[in-house]
Every structure is written in structure tokens, then in C-alpha cells.
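The following exercises concern secondary structure, burial and charge pairing in one protein chain. Please work through each task before reading its solution.

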Amino acid sequence: MLRFVEEIILLLLRDDDGKFVNVPQASMDRAVAGAVLMELAMENRIDTDLEHLMLVDATPVGDSLLDPTLAMIAEGEESDSRHWVEQISRQAPEIREQALDRLVEQGILEREDDRFLWVFRSRRYPMIDGHAEREVKLRIMGVLFSNEIPSPRDVVIICLAHACGIFTELLSKRELEQASTRIEQVRKLDLIGQAMTQSIQDFEMWLANAAVQGRGFF
């Protein structure tokens, strides 16, 4: 079974050219952070309530995508989910690259470097085996367009897809309108997902205020 980080990466890659869809880097990083935290919760290593994210078991999972974050939480002071989303998002590029390496090793993706005149320009990850991606998409559609009670894993992947803003890529405009209420219902079922969304919204608001005030970033 793929980890949540690997599943959301598959959804973020375009089928036609193997490049990432155009989503804000901050949203992607926070979604990766949320994916790791949600996986640790599924592994019964952490728990959450409205105010705290609590360490339940510091025993390593045995997965290099998860154990560094678990160690950070074990060594840190108790705080809320939003705090940890922000902290882990700083390691998101490294986590994302490791997840991509694993997908390549499993034969799901291949890595191709685009070069021009021997100069490295960009990297893409064309799909070799689309079964895993199709399975994730089918799970999402099955929840969004039915009244069935979603499984915990389905709730998580919908939270992550919403946080990344990739439903506009996965659904037509009409489908998105039909599913919007259902998306809101499902994503509110997970406290980490709510904290992740709030972190993204706060960052976007900060950027908007900075632009209005003419604040420089460098």
C-alpha cells in the first residue's frame, strides 16, 4: 500500500508530460506535511484534538518517510496540529523527493531529465504503471459522488487533494460544482486536515497583504 505522500504526488503529476500541475509551492509543502502527520495518526503514533497534537507512541514505524517526523514530534514540545504542519512543511521538498524516488523504484514512475544543449533544464516523471493513480482517483470519485460513509484513508486523500487545490485538475467545472458540498463535508472530518487548510489560507492571506503593502520578499 502506498503512503499518503506517494498518493498525493501521483495526483499532482500530469498524465501527459509527467510534470507537476501548477499549484502553489506553499500549498504543496503543507499538503506533504499533512500527509505525513495523517499517516502517523493512522499508525497510532500520534493523536489530535481541537487544541493539541499528542505523541502516543515514539516507536519508529520503520518507514523513512515517517520516522524523521515522528522523532521531531517526540523531541519537541507539545503543540497543536497547525504548528506541526508548519514545521514539517520546511522538510517537504526532501520528503517529496524521497517519495518520488520510491515511486520510481516501484516501477510506477520513471525519471527523465530534460536537457537543451547539454544543460539540465527540468525533470519530469512520466507514468509507467497507472494502476496506483487510477485506484486513488476511483476512491475519490466513489466518495464524492455517493452518500457512502468514507473510510479514514478516503477522508485523508480528499483533505490532501483539497489542500493542494487540484480538484480543478481532476474534475470538470460541472463535476466540481456538484461535488463542492460533499468535499466540504468530508474534509471537516479530519482535524489535521483542517489545520493544514488553515495554514495554507493564512499563508495566502499573508502573501496578499504583503502584495498590497508593497512588501519585498528578498
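**Exercise 1. Determine the order of the elements along the chain and how many there are of each kind.**

Solution. Step 1: assign helices (DSSP runs of H or I, at least four residues) and strands (runs of E, at least two), numbering them from the N terminus. Step 2: read the order from the N terminus, which is α-α-β-β-α-α-α-β-β-α-α-α-α-α. Step 3: the count gives ten helices and four strands.

Two conventions apply throughout. The model is predicted, so local features need pLDDT of at least 70 and side-chain atom pairs count only at pLDDT 80 or more, while totals for chains, interfaces and linings use all residues. Residues are numbered from 1 along each chain as its sequence is written, and side-chain values use heavy atoms, with hydrogens and water left out.

**Exercise 2. State what share of the chain is buried.**

Solution. Step 1: classify each residue by relative accessible area as buried (under 20%), exposed (over 50%) or partly exposed (in between), with a 1.4 Å probe and protein chains only. Step 2: of the 218 residues in the chain, 44% are buried.

**Exercise 3. Characterise the salt bridge between arginine 102 and glutamate 6.**

Solution. Step 1: apply the criterion, a side-chain nitrogen of Lys or Arg within 4 Å of a carboxyl oxygen of Asp or Glu. The closest N and O atoms of arginine 102 and glutamate 6 are 3.3 Å apart. Step 2: locate the partners. Arginine 102 belongs to helix 5 (residues 92-105) and glutamate 6 to helix 1 (residues 4-12), so the bridge ties together parts 96 residues apart in sequence. Step 3: assess burial; both arginine 102 and glutamate 6 are buried.

**Exercise 4. Analyse the pairs glutamate 133 with lysine 137 and arginine 187 with glutamate 184.**

Solution. Step 1: glutamate 133 and lysine 137 form a salt bridge at 3.1 Å, N to O. Both residues lie in helix 6 (residues 131-144), four residues apart, about one turn of the helix. Step 2: glutamate 133 is buried because its relative accessible area is 6%, whereas lysine 137, at 24%, is partly exposed. Step 3: arginine 187 and glutamate 184 form a salt bridge with their closest N and O atoms 3.0 Å apart. This pair lies in helix 9 (residues 173-187), with a spacing of three residues, about one turn of the helix. Step 4: arginine 187 counts as buried because its relative accessibility is 13%, while glutamate 184, at 29%, counts as partly exposed.
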